[in-house]
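Student: I'd like to learn how to read the meeting of two domains in a model. Could you walk me through one?
Tutor: Happily; let's bring it up and go step by step.

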Amino acid sequence: MDTLTRKAYAKINLGLDVLRRREDGYHEVKMIMQTVDIYDVLTFVKAPADVFRLSVDSAQIPDDDNNLVLKAARLLFATAGIDAGVEVTLQKNIPVAAGMAGGSTDAAATLIGLNALYDLRFTTEQLQEIGVKLGADIPYCIMGGTALSQGIGEILRPLPAPPQAHLVIAKPDLMISTKYVYENLHANSLKVHPNIDGMIEALSNRDLIKMCSLMGNVLETVTEKENPIITQIKDLMKEQGATGALMSGSGPTVFGIFTEEEKARNCFQKIQEENLAKQLFLTGFHNTDNPT
Ligand code: ATP
């Protein structure tokens, strides 16, 4: 086998809490992660040592060594102690700098894909240990599905999947830097924290309505405050019958959860008509295995 193709799924945060800012500057988080049915497609072709080439169909992200795909490939080969190279084609569908872990999921797919292509035989845990060196969300992206993420993102526990629902995912025309949002978060003086344990209980009871009623994201205190379009989209989603609407990660992407497909469709149309989001998706949760 000289070629392998893999999908890299985006995530949303059903809940996102920051417990504190540690002395070393890292933030201790407690988040509920959920993969959604929006994905990039990566194709890997074996190449001789020192050939690391990436072709991307988006001008928004680098196609050189700054891309997490090539960083992951280099780190994986270095850890394995092999002289290898790779040519990668990346079809980018996940909104960039959007709070959907686009870069992290591409890196995760690269680690999994090249592990298989070069028969390196790293375990999932070992791939996660390699991945966390490049980004805190990468261990989760390797695992996918529904999960509780704690520590800086490296402590993971699988959770029961939510009942299937219809999602409207809207990315307004803004680029948000995750670093900026965390730097401007007053983590140690947050007054309101989402009830993540309550959400876990609701997931265990397969109670989507309860889960939605508890959704919260402390990063909204930075991104939503500075970008009223996020409030506007959330309000519109609720007006259109969303059971819950929230910003994902550091934003600016907003998602709405609907139990009725027709309401989700109407909401999608309304956001389009009002031109509130440049990238807009009608999709669902993704909890099955990643077919290659
Ligand atoms: P997160 O939810 O993990 O905070 P994000 O959705 O906010 O991620 P990304 O889409 O991962 O942000 O992109 C952040 C930056 O990372 C981009 O501006 C880009 O320069 C860089 N980057 C490097 N590699 C990639 C990649 N493969 N895909 C997207 N961005 C990448």
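Student: Where does the chain divide into domains?
Tutor: This is a predicted model, and its chain splits into domain 1, residues 3–158, and domain 2, residues 166–283. Their C-alpha centres are 23 Å apart.

Student: How many residues of each domain are in contact with the other?
Tutor: Here contact is a matter of heavy atoms within 4.5 Å. By that rule, 29 residues of domain 1 touch 37 residues of domain 2.

Student: And what area is buried between domain 1 and domain 2?
Tutor: Buried area counts what both parts lose on being put together. For this pair the figure is about 2,500 Å², and carbon and sulfur atoms give 64% of that.

Student: Which side chains meet in a salt bridge?
Tutor: Look for a Lys or Arg nitrogen within 4 Å of an Asp or Glu carboxyl oxygen. Across this interface the rule finds 1 salt bridge. You can also pick out lysine 30 and aspartate 197, whose side chains pair in a salt bridge at 3.0 Å, N to O. As for polar contacts, 12 residue pairs make them across the interface.

Student: Which strands supply the side of domain 1 that touches domain 2?
Tutor: Strand 1 (3–21), strand 2 (27–47) and strand 5 (146–151) each bring at least two residues to that side. Strand 1 gives the largest share, with 11 residues.

Student: What classes of residue does that side of domain 1 have?
Tutor: Sorted by class, there are 15 nonpolar, 7 polar and 7 charged residues on the side of domain 1 that touches domain 2.

Terms used:
Residues numbered from 1 in each chain as written. Predicted model: local features only at pLDDT ≥ 70, side-chain atom pairs only at ≥ 80, totals over all residues. Heavy atoms only, no water. Domains from an automatic or database assignment. Buried area = accessible area lost by both parts, 1.4 Å probe. Polar contact = N/O pair within 3.5 Å; in protein donor to acceptor, adjacent residues only side chain to side chain. Helix = DSSP H or I, 4+ residues; strand = E, 2+ residues; numbered from the N terminus. Nonpolar A, V, L, I, M, F, W, Y, C, P; charged D, E, K, R; others polar.
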